[in-house]
Amino acid sequence: MRVFIVGPLPGTEGYDPEEYLMAEKRLTCAGHFPINLAGMYEKTADDFKKIAKRQIEKLIDSDGIYLLESANESNGATLPRLIAAACGISEITIKLLGSKW
């Protein structure tokens, strides 16, 4: 299953690249193919419209979304969450037994 990772955008408050990497590991261990766009652009190099367009394209092609813990406080995570809900793309939760995740 292709799973789009949703969280704060690079350059914004709450962005933590390690949180994205941990999510990738969790999803991969659970047999999913993570889609992590966080490292593909920098806020200083791309404007919001370009970032949003890339996110929407990848999100619509995904089978599910995975919300980072920091996504609840992130304005950048609002758009992908709304689009996923409108498109019927479900939220994926991962629980690994015996792990700190």
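**View 1. Order of the secondary-structure elements along the chain.** In this predicted model, the elements of the protein follow one another from the N terminus as β-α-β-α-β-α-β. The protein therefore has 3 helices and 4 strands in its make-up. Of the 101 residues in the protein, 41% are buried, while the area that the protein exposes comes to about 6,200 Å², of which carbon and sulfur atoms supply 53%. When contacts between residues at least 6 apart in sequence are considered, 74% of them join residues at least 24 apart.

**View 2. The open sheet and its edges.** The 4 strands form an open sheet in which the order is β2-β1-β3-β4 and the pairing is parallel. At the edges of this sheet stand β2 and β4 (90–91), each of which pairs on one side only. In the order of the sheet, β1 lies between β2 and β3, and 4 of the 5 residues of β1 are buried, so that this strand is largely enclosed by the rest of the structure.

**View 3. Strand β1 beside strand β2.** Strand β2 (residues 33–35) pairs with β1 in the parallel sense, and the pairing extends over 3 bridges. Two positions can be followed across this pairing: R2 stands opposite F33 in β2, and F4 has I35 of β2 as its bridge partner. The two strands also belong to a β-α-β unit, which is right-handed and is made by β1, helix α1 (residues 17–29) and β2.

**View 4. Strand β1 beside strand β3.** The pairing of β1 with β3 is likewise in the parallel sense, and it runs over 4 bridges. Within this part of the sheet, V6 stands opposite L67 in β3. In general, the side chains of a regular strand alternate between the two faces of the sheet.

**View 5. The salt bridge between D63 and R2.** A search of the whole structure finds 1 salt bridge, and this view shows the pair formed by D63 and R2, whose closest N and O atoms are 3.3 Å apart. Because D63 lies in the loop between α2 (48–60) and β3 (64–67), whereas R2 lies in strand β1 (residues 2–6), the pair ties together parts that are 61 residues apart in sequence. Both partners count as partly exposed, D63 with a relative accessibility of 34% and R2 with one of 39%. As a general point, side chains of opposite charge can pair when their charged atoms come close. R2 also takes part in the sheet, where this residue stands opposite F33 in β2.

**View 6. The aromatic pair of Y15 and Y20.** The structure holds 1 aromatic pair, formed by Y15 and Y20, with a distance of 5.7 Å from centre to centre and an angle of 45° between the planes. The pair counts as tilted because its angle of 45° falls neither under 30 degrees, which would be stacked, nor over 60, which would be edge-to-face. The two residues can also be described by their accessibility: Y15 is partly exposed, with a relative accessible area of 25%, whereas Y20 counts as buried at 4% relative accessibility. Y20 falls within the range of helix α1 (residues 17–29), the helix of the right-handed β-α-β unit shown in View 3.

Definitions and conventions
Residues are numbered from 1 along each chain as its sequence is written. This is a predicted model: local features need pLDDT of at least 70, side-chain atom pairs count only at pLDDT 80 or more; totals for chains, interfaces and linings use all residues. Side-chain values use heavy atoms; hydrogens and water are left out. Rings of Phe, Tyr and Trp (its six-membered ring) pair if their centres lie within 6.5 Å; planes under 30 degrees apart count as stacked, over 60 as edge-to-face and the rest as tilted. Buried means under 20% relative accessible area, exposed over 50%, partly exposed in between (1.4 Å probe, protein chains only). Contact means heavy atoms within 4.5 Å. Accessible areas come from the Shrake-Rupley method with a 1.4 Å probe; for residues, only the protein chains shown count as cover. A salt bridge is a side-chain nitrogen of Lys or Arg within 4 Å of a carboxyl oxygen of Asp or Glu. Two strands pair if DSSP finds at least two bridges between them. A crossover is right-handed if, with the strands pointing away from the viewer, the path from the first strand over the helix to the second runs clockwise.
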